[in-house]
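Open your viewer, switch to a cartoon view and keep the selection box handy. We'll hop from stop to stop, and at each one you'll select something and see what is there.

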Amino acid sequence: MRKYVSDTAELTDEYGIQIGRWTQYRDLGQLPFDAMWCVIPPGGSSTEDVHPEVEFAVVTRGTAIYEAGGEKVEVPTGGVILLEPERRHVIHNPSPEQPLTILSIYWMPRPESAEDAGDGADRG
């Protein structure tokens, strides 16, 4: 078993917030995904971001407000948001006192094959 904690991660300034990329954990080797801690200070927000990866974001501390395309979604501690590729988004920390911490897991989407797309026939 191995344990990784956001409080002891090496963080850098990126996207207007603090980021701790999981490449710092060299003992993990090559993973089938990329991951990073995102720490947003009280009352802070990320800069707008857009990327080609699918993003699975778990709020590990605080409450996040994700803003995308005029829509706002509140995600509490323990909640998850799934962002599709190329979705412009901003993350807000509405708390005036508590930092917001998110574990972001992301990967390139698999190319859709003809088999995945199907021909519209019911195979079930």
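The tour below goes from strands to loops to charged pairs.

Before you click anything, remember that this is a predicted model.

**Stop 1: strand β3**

Select residues 34-40, which make up strand β3. Is this strand mostly covered or mostly open? It is mostly covered, with six of its seven residues buried.

Now add residues 17-21, strand β2, to your selection: β2 and β3 pair in the antiparallel sense, with four bridges between them. To see one partnership up close, show Gly20 and Trp37; Trp37 is the bridge partner of Gly20 in β3.

Next, bring in residues 100-107. That's strand β9, and its pairing with β3 is antiparallel too, over seven bridges. Pick out Ala35 and you'll find Ile105 of β9 standing opposite.

**Stop 2: a three-strand sheet**

Hide those and look for an open sheet made of three strands in the order β6-β5-β8, with antiparallel pairing. Which strands are at the edges? They are β6 (71-75) and β8 (90-92), each of which pairs on one side only. Neighbouring strands in this sheet are turned against each other by 25° on average, direction ignored.

Zoom in on residues 64-68, strand β5, which runs antiparallel to β8 and is joined to β8 by three bridges. A handy pair to label here is Tyr66 and Ile91, since Tyr66 stands opposite Ile91 in β8.

**Stop 3: two buried acids in one loop**

Go to the loop between β3 and β4 (54-61) and select Glu53. Glu53 is buried, yet it has no salt bridge. Which side chain of opposite charge is nearest to Glu53, and how far away is it? It's Arg21, 7.9 Å away. A salt bridge needs the nitrogen and oxygen within 4 Å, so a pair beyond that cut-off doesn't count.

So what does Glu53 touch, leaving aside its neighbours within four places in sequence? Show Leu83, Glu84, Pro85, Tyr106, Trp107, Met108 and Pro109 to see those contacts.

Asp49 is in the loop between β3 and β4 as well. Asp49 is buried and has no salt bridge; the nearest side chain of opposite charge belongs to Arg88, 7.6 Å away. Leaving aside neighbours within four places in sequence, the contacts of Asp49 are Tyr15, Arg87, Arg88 and His89. Keep Tyr15, Arg87 and Arg88 on screen, as they return below.

**Stop 4: salt bridges**

How many salt bridges does a search of the whole structure find? Five. Let's visit some of them.

Select Asp7 and Arg61: they form a salt bridge whose closest N and O atoms are 3.0 Å apart. Asp7 is in the segment before β1 (12-14) and Arg61 is in strand β4, so this pair ties together parts 54 residues apart in sequence. Asp7 counts as exposed, at 55% relative accessibility, while Arg61 is partly exposed, at 30%.

Now for Arg88 and Glu48, whose side chains meet in a salt bridge at 3.6 Å, N to O. What does this pair tie together? Arg88 sits in the loop between β7 (80-83) and β8, and Glu48 in the loop between β3 and β4, so the link joins parts 40 residues apart in sequence. Arg88 is partly exposed, with a relative accessible area of 47%.

Then select Glu71 and Arg87, another salt bridge, with the closest N and O atoms 3.5 Å apart. Glu71 is in strand β6 and Arg87 is in the loop between β7 and β8, so the pair ties together parts 16 residues apart in sequence. Both ends are partly exposed: Glu71 at 45% relative accessibility, and Arg87 at 35%.

**Stop 5: two positive phi angles**

Finish with the backbone. Select Tyr15, in the loop between β1 and β2. Its phi is near 55°, a positive value in a residue other than glycine. Tyr15 is partly exposed, with a relative accessible area of 32%.

For your last click, choose Glu86, in the loop between β7 and β8. Glu86 isn't a glycine, yet it has a positive phi of about 65°. Is Glu86 buried or exposed? At 52% relative accessibility, it counts as exposed.

Technical notes: Residues are numbered from 1 along each chain as its sequence is written. This is a predicted model: local features need pLDDT of at least 70, side-chain atom pairs count only at pLDDT 80 or more; totals for chains, interfaces and linings use all residues. Side-chain values use heavy atoms; hydrogens and water are left out. Buried means under 20% relative accessible area, exposed over 50%, partly exposed in between (1.4 Å probe, protein chains only). Two strands pair if DSSP finds at least two bridges between them. Axes are lines fitted to C-alpha atoms, for helices over the stretch in contact, and angles run from 0 to 180 degrees between N-to-C directions. Lys and Arg count as positive and Asp and Glu as negative; His and the chain ends are not counted. Contact means heavy atoms within 4.5 Å.
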